[in-house]
Every structure is written in C-alpha cells, then in structure tokens.
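Reader: I would like to learn how to read a protein model. Where should I begin?

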Amino acid sequence: MAKIDIIVLPVLKDNYAYILHNNETGECAIIDPSVWDEVIAYCDQRSWKLNYIVNTHHHWDHVGGNLGLKEKYGARVYGADADKHRIPGIDQTVTPGKDFDLLGVRWQVIDTPGHTIGHVAFYIPELKALFCGDTLFGLGVG
C-alpha cells in the first residue's frame, strides 16, 4: 500500500478536486475544492477527517468549498500569500520557492502566474505529482 493515495474527485460539471490520504497517519488534504457537500460525502463514507485545504488560486471553482469544509472539519486552509485577501478562510500562506511539509511529505510551491496573478502550483516530489490548478487547460478544463 502506498504511503499516500491520491483520489481524483470529479466536481461541478467539468472540474476536479484532489484528495490526498496518508494511509499511515490518516490525515487528509484536499486541493482546490469547488464544493463542500460532495467532498464531505466522500470523506464520511470512508470515516476520513479532512485536515487541510490547499488552493492553487482564488477562483470560486477552486475555493467554493473552503468555508463549508473548514466549518465541518476544522481544516486549515493554505494558499498563496499573493492571494491571501481573496482565498476564503485562509489560515496559512505559502510563497513560491519556499517548500513546506504537509501529510508527511515535502510540497514545493511554484509560481505560475497567467491565469491569475497569484496562481501557484504544488509539486510533491515523493509522489511525483504536480497540482497545477488552471495553469494548463485541456479542452476547456484546467
């Protein structure tokens, strides 16, 4: 079994949120939750508690679930320092070029302005996973 599972959760009509579950500690993080109800249903079915919310940028289809999830789980919200005034419920800011630890792995913060001024991507080397928000678009979906 992998240390961390990455679950791709389809939300809205054409978006995705990503749940990362640490199988050793039970901690969970979600990246870019546009909704809260579907995320809660998914986590509750598995008896998971969401500990962290990580946002790539401030658009509603990436932060719309922040406050509902924070209220339900007491999850800490992470987002770019440049977007702190636009990310609902933000608790912890991150800065491009300054790594941080979450779920027992190192997260690299990459500056990816273009879609929005404060847009960032997150790379987790141990998982070989990049979460780029709306930095790249394929057929209209970020």
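Author: The turns below go from the whole chain to a sheet, then to some residues. Keep in mind that this model is predicted.

Reader: How many helices and strands does the protein chain have?

Author: The protein chain has three helices and ten strands. Read from the N terminus, the order is β-β-β-α-β-α-α-β-β-β-β-β-β.

Reader: How compact is the protein chain?

Author: One compares its radius of gyration with what a rule for globules gives at that length. Here the radius of gyration is 14 Å, close to the 14 Å from the globule rule for 142 residues, so the protein chain is as compact as a globular protein of that length. The C-alpha trace spans about 40 × 30 × 30 Å along its principal axes.

Reader: What share of the residues is buried?

Author: A residue counts as buried when its relative accessible area is under 20%. In the protein chain, 47% of the 142 residues meet this. The accessible surface comes to about 7100 Å², and carbon and sulfur atoms account for 52% of that surface.

Reader: How do I read contacts between residues that are apart in sequence?

Author: Take the contacts between residues at least 6 apart in sequence, and ask what share joins residues at least 24 apart. In the protein chain that share is 42%.

Reader: Now a sheet. What holds strands together in one?

Author: Strands of a sheet pair through backbone hydrogen bonds, and the pairing is either parallel or antiparallel. One open sheet here has four strands in the order β7-β8-β9-β10, with antiparallel pairing.

Reader: Which strands stand at the edges?

Author: The edge strands are β7 (100-102) and β10 (129-131). Each has a single partner strand, so one side of each is left without a neighbour in the sheet. On average, neighbouring strands of this sheet are turned by 30° against each other, direction ignored.

Reader: Over how many bridges do β8 and β9 pair?

Author: Strand β8 (residues 105-111) and strand β9 (residues 120-124) pair over four bridges, in the antiparallel sense. One bridge can be followed by residue: Ile110 has Ala121 in β9 as its partner.

Reader: How many disulfides are in the structure?

Author: The test is distance: two cysteine sulfur atoms must lie within 2.5 Å. A search of the whole structure finds zero disulfides. For Cys28, the nearest cysteine sulfur is that of Cys43, 5.4 Å away. Because 5.4 Å is beyond the 2.5 Å cut-off, Cys28 is in no disulfide.

Reader: Is Cys28 buried or exposed? And what about Cys43?

Author: Cys28 is buried, with a relative accessible area of 0%. Cys43 also counts as buried, at 0% relative accessibility.

Reader: Which residues does Asn51 touch?

Author: Neighbours up to four places away in sequence are not counted. Asn51 then touches Gly26, Glu27, Cys28, Ala75 and Arg76. Asn51 is found in strand β4 (residues 50-54). Its relative accessible area is 19%, and this makes Asn51 buried because the limit is under 20%.

Reader: Where does phi turn positive in a residue other than glycine?

Author: Ser47 is one of the cases, with phi near 60°. Ser47 lies in the loop between α1 (37-45) and β4. Ser47 is exposed, at a relative accessible area of 68%. Lys128 also has a positive phi, of about 50°, although it is not a glycine. Lys128 lies in the loop between β9 and β10. At 73% relative accessibility, Lys128 counts as exposed.

Terms used
Residues numbered from 1 in each chain as written. Predicted model: local features only at pLDDT ≥ 70, side-chain atom pairs only at ≥ 80, totals over all residues. Heavy atoms only, no water. Buried < 20%, exposed > 50% of the residue type's maximum accessible area, 1.4 Å probe, protein only. Pairing = 2+ DSSP bridges. Helix = DSSP H or I, 4+ residues; strand = E, 2+ residues; numbered from the N terminus. Axes fitted to C-alpha atoms, helices over the stretch in contact; angles between N-to-C directions. Rg over C-alpha atoms; globule rule 2.2 N^0.38 Å. Contact = heavy atoms within 4.5 Å. Areas by Shrake-Rupley, 256 points an atom, 1.4 Å probe, with all protein chains shown as cover.
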